[in-house]
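Good morning, colleagues. I would ask you to look at the sequence and the structure on the screen while I take you through the strands and then the pocket.

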Amino acid sequence: MKIAREPTVEVIVHSYERKPLGRAGVRLKPLSGQGKELRLKLDRARGAYRADGVAPGEYLLRVQAEGYEPEERQVVVDPGGLSERFVL
């Protein structure tokens with residue numbers, strides 16, 4: 001029997017100089033207003049911010065880092081997960 005897992009969200013954050021930004025704040029907020037905002041954690045081995053067990057749905061994904069303009073976009077997490085890249 002296969003156990004269903006909720007999706008993983010993975011976000012890579014770089015500067016325009018193509019340098020990884022390891023001290024960014026990456027947050028995922030449900031657009032439905034239900035559920036709480038999630039803060040993604042840096043997975044240094046993968047070089048990405050990640051959150052496991054994210055319920056499928058529509059979210060506002062916000063990335064900010066000191067010295068850079070914050071960026072946000074509406075995203076859809078589907079059963080296969082979500083992978084995004086931000087350049088600040």
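What follows is a short account of the sheets, a ring contact and the largest pocket in this structure. Please keep in mind that this is a predicted model.

I begin with the sheet that contains S1. This is an open sheet of 4 strands, in the order S4-S5-S1-S8, and its pairing is mixed. At its edges are strand S4, residues 41-43, and strand S8, residues 82-87, each of which pairs on one side only. On average, neighbouring strands of this sheet are turned by 30° against each other, direction ignored.

Within this sheet, let us first take the S4 and S5 pair. The two strands are antiparallel and are paired over 3 bridges. Lys 41 has Arg 50 in S5 as its bridge partner. Together S4 and S5 make a hairpin, with 4 residues between them. In the turn of that hairpin, Gly 47 has a positive phi of about 70°.

On to the next pairing in the order. Strand S5, residues 48-51, is joined to strand S1, residues 9-14, by 3 bridges, and the two run antiparallel. Here Val 11 has Tyr 49 of S5 standing opposite.

I turn now to the other sheet. This one is also an open sheet of 4 strands, ordered S3-S2-S6-S7, and its pairing is antiparallel. S3 and strand S7, residues 71-77, are the edge strands, and each pairs on one side only.

Which residues does Leu 28 have as bridge partners in S3 and in S6? In S3 the partner is Leu 38, and in S6 the partner is Leu 61. The strand pairs behind these bridges are as follows. S2 is joined to strand S3, residues 38-39, by 2 bridges, and these strands run antiparallel. Strand S2, residues 25-30, pairs with S6 in the antiparallel sense over 6 bridges.

S6 in turn pairs with S7, again in the antiparallel sense, over 7 bridges. In this pairing Tyr 59 stands opposite Val 75 in S7. As a general remark, side chains in a regular strand alternate between the two faces of the sheet.

Next, the aromatic rings. How many aromatic pairs does a search of the whole structure find? The search finds 0. One ring does have a charged group over it: the charged end of Arg 73 sits over the ring of Phe 86, 3.7 Å from the ring centre.

Finally, the pocket. In general terms, rolling a probe the size of a water molecule over the atoms shows where empty space is left. The largest pocket holds about 150 Å³ of space. It is lined by 13 residues, and the closest to its centre are Pro 30, Gln 34, Gly 35, Ala 55 and Tyr 59. Strand S6, residues 57-64, gives the largest share of the lining, with 3 residues. By character, the lining divides into 6 nonpolar, 5 polar and 2 charged residues.

To close, I return to Tyr 59: this residue stands opposite Val 75 in S7, and it is among the residues closest to the centre of the largest pocket. Thank you for your attention.

Notes:
Residues are numbered from 1 along each chain as its sequence is written. This is a predicted model: local features need pLDDT of at least 70, side-chain atom pairs count only at pLDDT 80 or more; totals for chains, interfaces and linings use all residues. Side-chain values use heavy atoms; hydrogens and water are left out. On a 1 Å grid over the protein atoms alone, a cavity is a set of points where a 1.4 Å probe fits but cannot get out, and a pocket is an open set with protein on both sides within 12 Å along at least five of seven lines; lining residues have an atom within 4 Å of a point. Grid points are joined across faces, edges and corners, and a volume is the space filled by probe spheres set on the points. Ala, Val, Leu, Ile, Met, Phe, Trp, Tyr, Cys and Pro count as nonpolar, Asp, Glu, Lys and Arg as charged, and the others, Gly among them, as polar. Two strands pair if DSSP finds at least two bridges between them. Axes are lines fitted to C-alpha atoms, for helices over the stretch in contact, and angles run from 0 to 180 degrees between N-to-C directions. Rings of Phe, Tyr and Trp (its six-membered ring) pair if their centres lie within 6.5 Å; planes under 30 degrees apart count as stacked, over 60 as edge-to-face and the rest as tilted. A charge sits over a ring if NZ of Lys or CZ of Arg is within 6 Å of the ring centre and within 35 degrees of the ring normal.
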